[in-house]
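Trainee: I would like a close look at one part of this model. Please take me through the surface, one step at a time.

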Amino acid sequence: MTESDLSLVNVPLLIGCLIATVAVYVIGYAIVYGLTARTYYKIVK
């Protein structure tokens with residue numbers, strides 16, 4: 001087994017995937033939050 005078998009070889013790819021995953025999660029969360037907040041304010045009003 002070589003050192004590269006267990007280490008992160010392509011760090012820019014890892015960072016890019018991490019940023020893309022977080023961005024997708026944040027966008028999805030914002031959409032759901034917006035819909036929920038709008039419905040809540042309609043009920044309370």
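Mentor: Start with the fold. This is a predicted model. The chain has 1 helix and 0 strands. Helix 1 covers residues 11-44. Little of the chain is hidden: of its 45 residues, 2% count as buried. The chain exposes about 4400 Å². Carbon and sulfur atoms supply 73% of that area.

Now zoom in on the patch. Six names belong to it: Leu18, Val22, Tyr25, Val26, Tyr29 and Tyr33. Together they form a nonpolar patch on the surface. Their joint accessible area is about 710 Å².

Take one member, Tyr29. This residue of the patch sits in helix 1. Is Tyr29 buried or exposed? Its relative accessibility is 53%. The cut-off for exposed is over 50%, so Tyr29 counts as exposed.

Next, look at the aromatic rings. A search of the whole structure finds 2 aromatic pairs. One of them joins Tyr40 and Tyr41. Their ring centres are 5.4 Å apart, and the planes meet at 65°. An angle over 60 degrees counts as edge-to-face, so this pair is edge-to-face.

How open are these two rings' residues? Tyr40 has a relative accessible area of 49%. That value falls between the 20% and 50% cut-offs, so Tyr40 is partly exposed. Tyr41 has 55%. That value is over 50%, so Tyr41 is exposed.

Terms used: Residues are numbered from 1 along each chain as its sequence is written. This is a predicted model: local features need pLDDT of at least 70, side-chain atom pairs count only at pLDDT 80 or more; totals for chains, interfaces and linings use all residues. Side-chain values use heavy atoms; hydrogens and water are left out. Patches are made of residues with over 30% relative accessible area and no salt bridge: like charges are joined within 9 Å, nonpolar side chains (Val, Leu, Ile, Met, Phe, Trp, Tyr) within 5 Å. Accessible areas come from the Shrake-Rupley method with a 1.4 Å probe; for residues, only the protein chains shown count as cover. A salt bridge is a side-chain nitrogen of Lys or Arg within 4 Å of a carboxyl oxygen of Asp or Glu. Helices (H or I, at least four residues) and strands (E, at least two) are DSSP runs, numbered from the N terminus. Buried means under 20% relative accessible area, exposed over 50%, partly exposed in between (1.4 Å probe, protein chains only). Rings of Phe, Tyr and Trp (its six-membered ring) pair if their centres lie within 6.5 Å; planes under 30 degrees apart count as stacked, over 60 as edge-to-face and the rest as tilted.
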